[in-house]
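Work through the exercises below with the sequence and the 3D structure at hand. Try each task before reading its solution.

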Amino acid sequence: MTAIYNHCEQLTDNIYSFYFETELPLQYTAGQFTQMTLSHNEPDNRGIKRWFTLSSSPTEDMLSITTKIASTHGSTFKQALQNLKPGDSIGIDEPMGDFVLPKHPQTPLVFIAGGIGITPFRSMFRWLADTGNERPIKFLYAVRSEDEIVFQRDLNEARVHSTIVVSNPSDAWGGERGKLTAEQILGLEKPAEDSLIYMSGPEPMLVALSQDLVDAGIHKSQLVTDFFPGYEKI
């Protein structure tokens with residue numbers, strides 16, 4: 001399928017959301033991902049295709065992806081993404097993935113986002129706010145600095161209880177500090193046996209947290225993960 005580039009929104013110094021329209025309505029579930037194809041000159045060894053979680057909600061008119069773009073040594077794909085002009089087209093596959101809200105609305109949920117791993121949760125929060133749905137969600141969001149916090153409005157409108165943990169905060173930061181740990185997650189509220197813990201973020205972070213949670217008594221079947229390769233641990 002072809003998607004038409006509409007515009008870009010800069011959320012922080014290095015985080016951008018890119019918005020697209022499709023010729024036909026694209027059916028997907030909040031939290032899913034897609035593969036995009038963007039042809040460009042002299043692509044690096046990562047090529048012209050890239051997987052992205054959709055940060056948009058199915059309730060919104062346009063599709064969006066949200067990603068970090070390094071100021072130096074960025075990939076040619078992301079450079080080409082930044083160089084898109086309104087009306088330019090890219091290829092987009094049918095969204096897929098099972099990192100989505102459970103069918104039973106009463107299931108207790110713990111959401112854990114590391115950095116740019118907030119994108120599938122933004123999709124879910126926007127869907128919840130737009131449809132008037134409510135879920136029993138505790139949300140922990142780990143970032144390096146408070147300047148990297150994004151999508152606060154969507155959190156507020158979805159009425160989700162959130163705890164933000166900043167590993168390298170400024171002196172002015174009045175919230176939680178340090179690295180997000182299994183102890184913090186379990187200290188927020190001991191998950192019940194029917195709880196699900198959704199984790200999205202850099203692969204090293206999720207691997208470490210998953211093991212620590214299992215060691216602390218959480219069953220592997222309660223963990224749902226969405227790895228973001230290529231990003232460092234928060």
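A cavity is a set of grid points where a 1.4 Å probe fits but cannot get out, and its volume is the space filled by probe spheres set on those points. The structure used here is a predicted model.

**Exercise 1. The cavity**

Task: Find how many cavities of 30 Å³ or more the whole structure has, and describe the lining of the largest cavity.

Solution:
- Step 1. Searching the whole structure gives 1 cavity of 30 Å³ or more.
- Step 2. The largest cavity holds about 30 Å³ of space.
- Step 3. Its lining consists of Ile15, Lys68, Gly115, Ile116, Ile118, Tyr141, Glu148 and Val150.
- Step 4. Sorted by type, the lining has 5 nonpolar, 1 polar and 2 charged residues. Glycine is counted as polar and tyrosine as nonpolar in this sorting.

**Exercise 2. A charged pair in the lining**

Task: Lys68 and Glu148 both line the largest cavity. State what joins Glu148 to Lys68, and which parts of the chain the pair ties together.

Solution:
- Step 1. Side chains of opposite charge can pair when their charged atoms come close.
- Step 2. The closest N and O atoms of Glu148 and Lys68 are 3.5 Å apart, and the two residues form a salt bridge. The cut-off for a salt bridge is 4 Å.
- Step 3. Lys68 belongs to strand S5 (residues 63–68), while Glu148 is in the loop between strand S8 (137–143) and helix H3 (152–157), so the salt bridge ties together parts 80 residues apart in sequence.
- Step 4. Buried means under 20% relative accessible area. Glu148 has 13% and is therefore buried. Lys68 has 14% and also counts as buried.

**Exercise 3. The salt bridges of Arg126**

Task: Which residues meet Arg126 in a salt bridge, and how far along the chain is each from Arg126?

Solution:
- Step 1. Arg126 and Asp130 form a salt bridge with an N to O distance of 3.0 Å. Both are in helix H2 (residues 119–131), and because they are 4 residues apart, about one helical turn separates them.
- Step 2. Arg126 also forms a salt bridge with Asp154, at 2.7 Å from N to O. This pair links distant parts of the chain, with Arg126 in helix H2 and Asp154 in helix H3, 28 residues apart.
- Step 3. Salt bridges with shared partners join Glu60, Arg122, Arg126, Asp130, Arg153, Asp154 and Glu157 into one network.
- Step 4. Now compare accessibility with the cut-offs. Arg126 is buried at 6%, and Asp154 is buried at 4%. Asp130, at 40%, is partly exposed.
- Step 5. For the wider picture, a search of the whole structure finds 8 salt bridges.

**Exercise 4. Two helices and their spans**

Task: Check the end-to-end spans of H2 and H5 against the expected values, and find which side of H5 carries its buried residues.

Solution:
- Step 1. The expected span is 1.5 Å times one less than the number of residues.
- Step 2. Helix H5 (residues 203–215) has 13 residues, so it should span 18 Å, and its end C-alpha atoms are indeed 18 Å apart.
- Step 3. The buried residues of H5 are Met205, Leu206, Leu209, Ser210 and Leu213. They cover an arc of only 125° around the axis, and therefore lie on the same side of H5.
- Step 4. H2 also has 13 residues, and reaches 19 Å from first to last C-alpha, close to the expected 18 Å.
- Step 5. Among the buried residues of H2 are Thr119, Phe121, Met124, Phe125 and Leu128. Ala129 is found in H2 as well, but at 24% it counts as partly exposed.

**Exercise 5. Positive phi angles**

Task: What is the phi of Gly132, Gly217, Glu42 and Arg159, and where does each residue lie?

Solution:
- Step 1. Start with the glycines. Gly132, just after H2, has a positive phi of about 75°. Gly217, just after H5, has a positive phi of about 110°.
- Step 2. Glu42 is not a glycine, yet its phi is positive, near 50°. Glu42 lies in the loop between strand S3 (33–37) and strand S4 (49–53), and is exposed at 73%.
- Step 3. Arg159, also not a glycine, has a positive phi of about 55°. Arg159 is in the loop between H3 and strand S9 (161–166), and at 64% is exposed.

Methods: Residues are numbered from 1 along each chain as its sequence is written. This is a predicted model: local features need pLDDT of at least 70, side-chain atom pairs count only at pLDDT 80 or more; totals for chains, interfaces and linings use all residues. Side-chain values use heavy atoms; hydrogens and water are left out. Helices (H or I, at least four residues) and strands (E, at least two) are DSSP runs, numbered from the N terminus. Buried means under 20% relative accessible area, exposed over 50%, partly exposed in between (1.4 Å probe, protein chains only). The arc is that of the directions from the helix axis to the C-beta atoms. On a 1 Å grid over the protein atoms alone, a cavity is a set of points where a 1.4 Å probe fits but cannot get out, and a pocket is an open set with protein on both sides within 12 Å along at least five of seven lines; lining residues have an atom within 4 Å of a point. A salt bridge is a side-chain nitrogen of Lys or Arg within 4 Å of a carboxyl oxygen of Asp or Glu.
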